Amino acid sequence: MTLLTVCGLDVHVQRLLPRGDGREAPLVVCVHGILTDSLASYYFTLGPALAAAGYEVLMYDLRGHGRSHRPAGGYQLERFVGDLRHLLDRLNVRRPVHLIGNSFGGTVAFGLAAANPELVASLAFIESEPALAPWQPKMAANLARAKRELVREESLAWIATEYNPHTARLAKGAAKLLHSTTIAEDIPASQVLTEEEVAAIQAPVFGIYGDRSDLAAQAPWLEKLLPRCRTVVIPDQEHSVLIERTPLTRALLLEWLGEHALSAPAGPVRPIRPSR
């Protein structure tokens, strides 16, 4: 286990290298979602396949999650974006990276692409969205409901039956995070992007949705807003695309990265822009 100090917090990091020394391989950075998610979601789904395909893979636990430090407060979106920016600097990454974000991790990826476009070669997301003004009340409602429901034994029993006992244990862990920190209040109070800031993202963008998720309705809007955006909607699928449709998700991302990463030369990174 590797712990790096980033923004004053111990951050758990895992790196996978392709065959050879991997020094010139395209770097794929995987950003996980919040509450029940961690870098393990990538470690057991995409990470090894990406390394086998010739990519260097960087996975890390977000603040408060997995084996990273859990502060009592400081969970605004811009803190997560700042953590990612400073993690890349801490690791002396000097080439644009290919971001993959699952759920909230995709929102973090959009935040970095908007604030520091010089760091991002491409952006792929799974069931996610950029944080615009409507995102705040939606996150407030979702987090309040999770905080209220995940401490109820009836809710955990339903999750164990509907999904599996492992998911119920993850939900119980999420309840501890929600009740021991200010994450439920901090995230809805985050700084958000304007539509113009999202439209200014120049990196190619690829999105994967489940057709039973409310996020899928954003696919046409995002493709119109971002000329270099392509999306795929998976039939008969809800939000947990990465876990429930792993082989298909992996194949789609490898195909897309093959078009945008392995065939594109890695350019030099410009000086990092300061945070907003």
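This briefing walks through selected helices, loops and single residues of the structure above. The model is a predicted one, so please read every value below as computed from its atoms. The record gives us a starting point: UniProt, in an unreviewed entry, lists residues 26–161 as "domain: AB hydrolase-1". Over that stretch the chain is 44% helix and 17% strand, and its end C-alpha atoms lie 41 Å apart.

**Where the listed domain begins**

- Pro26 sits in the loop between S2 and strand S3 (27–31).
- With a relative accessible area of 18%, Pro26 counts as buried, because the cut-off for that label is under 20%.
- From Pro26 to Asp211 there are 185 residues along the chain, and the two C-alpha atoms are separated by 31 Å.

**Helices H6 and H7**

- Helix H6 covers residues 153–162 and helix H7 covers residues 165–180.
- Their axes come within 7 Å of each other and cross at roughly 145°.
- The crossing of H6 past H7 is right-handed.
- On the H6 side, the residues in the contact are Leu156, Ile159 and Ala160; on the H7 side they are Pro165, Thr167, Ala168, Ala171 and Lys172.
- By type, the residues of this contact split into 6 nonpolar, 1 polar and 1 charged.

**Helix H3 and what surrounds it**

- Helix H3 (residues 77–90) has 14 residues, which should span 20 Å at 1.5 Å a residue. The end C-alpha atoms are indeed 20 Å apart, so the expected and modelled spans agree.
- Which residues of H3 are buried? They are Leu77, Phe80, Val81, Gly82, Asp83, Leu84, Arg85, Leu87 and Leu88.
- As background for reading that list, an α-helix has 3.6 residues a turn, so residues three or four places apart point the same way.
- His86 also lies in helix H3, and at 39% relative accessible area His86 is partly exposed.
- Leaving out residues up to four places away in sequence, His86 touches Val6 and Cys7.
- The C-alpha atoms of His86 and Ala219 are separated by 30 Å, with these positions 133 residues apart along the chain.
- After H3 comes Asn92, which has a positive phi near 60°.

**Two loop residues with positive phi**

- Cys7, one of the residues touched by His86, is in the loop between strand S1 (2–6) and strand S2 (9–16).
- Phi of Cys7 is positive, near 55°, in a residue that is not glycine.
- Cys7 is partly exposed, with a relative accessible area of 44%.
- Asp236 is not a glycine either, and has a positive phi of about 55°.
- The loop that holds Asp236 runs between strand S8 (229–234) and helix H11 (241–244).
- Is Asp236 buried or exposed? Asp236 is exposed, because its relative accessible area of 55% is over the 50% cut-off.

**Asp211 and its loop**

- Asp211 belongs to the loop between strand S7 (205–210) and helix H10 (219–225).
- Its relative accessible area is 37%, so Asp211 is partly exposed.
- Setting aside residues up to four places away in sequence, Asp211 touches Ala216, Val233, Ile234, Pro235, Asp236 and Gln237. That list includes Asp236, the positive-phi residue described above.
- Asp211 and Tyr60 are 151 residues apart along the chain, and 28 Å separates their C-alpha atoms.

**Two buried residues in a strand and a helix**

- Phe125 lies in strand S6 (residues 120–126) and is buried, with a relative accessible area of 0%.
- What does Phe125 contact, leaving aside its neighbours within four places in sequence? The partners are Gly101, Gly106, Phe110, Val205, Phe206, Gly207, Ile208, Tyr209 and Leu222.
- Ser103 is 22 residues from Phe125 along the chain, and their C-alpha atoms are separated by 7.4 Å.
- Thr246 is found in helix H12 (residues 246–262).
- At 12% relative accessibility, Thr246 counts as buried, because that value is under the 20% cut-off.
- Beyond its neighbours within four places in sequence, Thr246 is in contact with Thr45 and Val241.

Technical notes:
Residues are numbered from 1 along each chain as its sequence is written. This is a predicted model: local features need pLDDT of at least 70, side-chain atom pairs count only at pLDDT 80 or more; totals for chains, interfaces and linings use all residues. Side-chain values use heavy atoms; hydrogens and water are left out. Axes are lines fitted to C-alpha atoms, for helices over the stretch in contact, and angles run from 0 to 180 degrees between N-to-C directions. Helices (H or I, at least four residues) and strands (E, at least two) are DSSP runs, numbered from the N terminus. A crossing is left-handed if the near helix is turned anticlockwise from the far one by less than a right angle, and right-handed if clockwise. Contact means heavy atoms within 4.5 Å. Ala, Val, Leu, Ile, Met, Phe, Trp, Tyr, Cys and Pro count as nonpolar, Asp, Glu, Lys and Arg as charged, and the others, Gly among them, as polar. UniProt positions are given in the numbering used here, feature names are shortened, and annotations may be inferred rather than shown by experiment. The expected span of a helix is 1.5 Å times one less than its number of residues. Buried means under 20% relative accessible area, exposed over 50%, partly exposed in between (1.4 Å probe, protein chains only).
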